[in-house]
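Subject: Handing over the structure

Dear colleague,

Please find below the sequence and the structure that I promised to pass on to you. My notes on what was found follow directly after it.

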Amino acid sequence: MKLRNIAIIAHVDHGKTTLVDRLLQQSGAFRDNQRVAERAMDSNDLERERGITILAKVTSVAWNDVRINIVDTPGHADFGGEVERILNMVDGAIVLVDAAEGPMPQTKFVVSKALKVGLKPIVAVNKIDKPEERHIEVVNEVFDLFAALDATDDQLDFPVLYGLAKEGWMAADPAGPKDDMAPLFDLVLDHVAPPPVEAGPFRMLATTLEANPYLGRLLTGRITSGIARANMPVRALSRDGTVIDEGRISKVLAFRGLERTGIDAAEAGDIVAIAGLSVATVADTIAATEVTAPIAAQPIDPPTLSMTFRINDGPLAGREGDKVQSRVIRERLSREAEGNVALRVTATQDADAFEVAGRGELQLAILIETMRREGFELTIGKPRVLFRRDAESGARLEPIEEAVIDVDDAFSGAVIDKLAQRKGELVEMRPSGGGRTRLVFYVPTRGLIGYQSELLSDTRGTAVMNRLFHDYAPYKGDIAGRRTGVLISNADGDAVAYALWNLEDRGPMMIAPGTKVYEGMIIGEHTRGNDLAVNVMKGKKLTNIRAAGKDDAVLLTPPMKMTLETALAYIEDDELVEVTPQSIRLRKGLLDPHERKRAERRREAESA
């Protein structure tokens, strides 16, 4: 069968996964009466809950006797490691843009990688039914973006389709005909070249890795040359050509709709998953035994942010999760780093702690959330930025991000002021229609840690921020952290409503009555700049004398709800987030108040 391999590229929420749903439906991959979940490609629980794509996935459809392999890519730059590898497998890309929002930071991120690899794009303008759609300006913006990213003349001569993925139509004209996806299928066949096939024995570059309970490790990639057959002997070569694994292919799986089907043989150009190797991983070359030269793999951008993952050594450890030992945590992190090349795990001087570096807060928060659902208990340190040294001058460099903020006109002043305090530099400001302004800043990554919640409170929840790694630049100086102290429990026990009610003047609480607390646990935010140890177990003293007005009902203000992301952004250097399958608690790194005092004196002596 003839083949075409394409990736679908878009900013988060511009409709990639919905488009794939419609392509699958209209190509006959589903029966008419088959029940299929909405956004069928987002198969992971976390992806469904958050409405985002985290892992790149492959599906395939048949159209006019041509098999089209489609790769659904993540939209967040935090998962860019997935995207960079995926683009090696495909020969064309559909760049999907929202008819109102136009190309956004993540579109820019993935498109720059696609153009660098030499892919010829097809531009699809989605959500054409929006009242504020501006398709002519959006197509011009896409052209300007391609030109700014040094696209070739061939790449700049891109075809454009307009449509509405939700209703299942695409057409060369915004007005229609609003029939089906046939114009997009036909354009893919005409515009995207068949996969290049090299002569010689079987070779394939492994692009993604997953574990299957029945087949073991599954390596997915595109066959560069030769034929892959079940039971044939193969070897795995690392990037430098060293043989790291030898074995037999136990199964060759091809993508057919949403299913993976075992086939006897797969030819060059097809995207398949193979099982049977136990050591080979991402970026290794799987090849016939006579091959000695590996396939060149794309270099992956380095991580920019790190966190410390520690065992949970608090008084409540082991009550909710069953995976608490450092050995189990080390194995799980090593397994994650194998399949996710954008993560880097290193041991620290403390045997019970590991340094995990990644692309951003979201990527690491997703990893933590996945681990807690698997039954792990962890304590996590404050996110830290990874600095570099300039090779020539020896100056310290820090990562800078491009932050694009869409905000109501009335709040733009507050946003500019706050980001100026965080060493942000305003590079563009323009109206984006509907009484909103688009602000583009270059801000140090340090300055954006914890800014999301502040942005939403400053703009009454109306601002939308998208961020993207821009470059390394000279260190910008100190950035002020949290301006308030915290309320710390001074004993172990259960929190009492009466005590919480009396402490409300001291600041907002983070716990409800009846919550188990322990010495050193953070239970609220102090209104002043210092930390305060308080007793949340102090009940009302009862006497046998009745007094008028003393038995008022205790009315408590609802506590601040801390999600994992807000907790990680909230803590300071001497604090930790305790993550268990059912709870997220904040605590001091040193639980004993005397040890905290000693550590503070030591810090003061060192700084003096």
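How much surface does the protein chain expose, and what share of it do carbon and sulfur atoms supply? The protein chain exposes about 28,100 Å², and 49% of that area is supplied by carbon and sulfur atoms. Please keep in mind while reading that this is a predicted model.

**The chain as a whole**

The secondary structure of the protein chain comes to 15 helices and 34 strands. Taken along the principal axes, the C-alpha atoms fill a box of roughly 90 × 65 × 60 Å. A compact globule of 608 residues would have a radius of gyration near 25 Å, and because the protein chain has 27 Å, the two values agree. Of the 608 residues, 51% count as buried. If you look at contacts between residues at least 6 apart in sequence, you will find that 72% of them join residues at least 24 apart. As for the charges, the protein chain carries 77 positive and 92 negative ones, and the mean positions of these two groups lie 5 Å apart.

**The strands around E11 and E17**

A good place to begin a closer look is strand E11, which covers residues 233-237 and is mostly covered, with four of its five residues buried. E11 pairs in the antiparallel sense with strand E12 (residues 243-248), and five bridges join the two; within this pairing, Arg 235 stands opposite Glu 246 in E12. E11 and E12 form a hairpin with five residues between them, and in the turn Gly 241 has a positive phi of about 95 degrees.

E11 also pairs with E17, again in the antiparallel sense, over four bridges. Here Ala 236 stands opposite Ile 286, while Val 234 stands opposite Ala 288. Strand E17, which spans residues 285-288, has an antiparallel pairing with strand E8 (residues 203-212) as well, over three bridges, and in that pairing Thr 285 of E17 is the bridge partner of Leu 205.

**Two residues to compare**

Is Lys 113 buried or exposed? Lys 113, whose place is in helix H4 (residues 105-117), has a relative accessible area of 15%, and it is therefore buried, since the cut-off for that class is under 20%. Leaving aside residues up to four places away in sequence, Lys 113 touches Glu 84, Leu 87 and Asp 301.

Ala 497, by contrast, is found in helix H13 (residues 497-502) and counts as partly exposed, because its relative accessibility of 28% falls between the cut-offs of 20% and 50%. Again leaving aside residues up to four places away in sequence, Ala 497 touches Pro 513, Val 554 and Leu 556. Ala 497 and Gly 514 are 17 residues apart in sequence, and from C-alpha to C-alpha they are 7.7 Å apart in space.

As you go through the structure, you may like to find the hairpin of E11 and E12 and then follow the pairing of E11 with E17.

With best wishes

Technical notes:
Residues are numbered from 1 along each chain as its sequence is written. This is a predicted model: local features need pLDDT of at least 70, side-chain atom pairs count only at pLDDT 80 or more; totals for chains, interfaces and linings use all residues. Side-chain values use heavy atoms; hydrogens and water are left out. Two strands pair if DSSP finds at least two bridges between them. The radius of gyration is taken over C-alpha atoms; the globule rule is 2.2 Å times the number of residues to the power 0.38. Buried means under 20% relative accessible area, exposed over 50%, partly exposed in between (1.4 Å probe, protein chains only). Contact means heavy atoms within 4.5 Å. Accessible areas come from the Shrake-Rupley method with a 1.4 Å probe; for residues, only the protein chains shown count as cover. Lys and Arg count as positive and Asp and Glu as negative; His and the chain ends are not counted. The place of a charge is taken as NZ of Lys, CZ of Arg, CG of Asp or CD of Glu.
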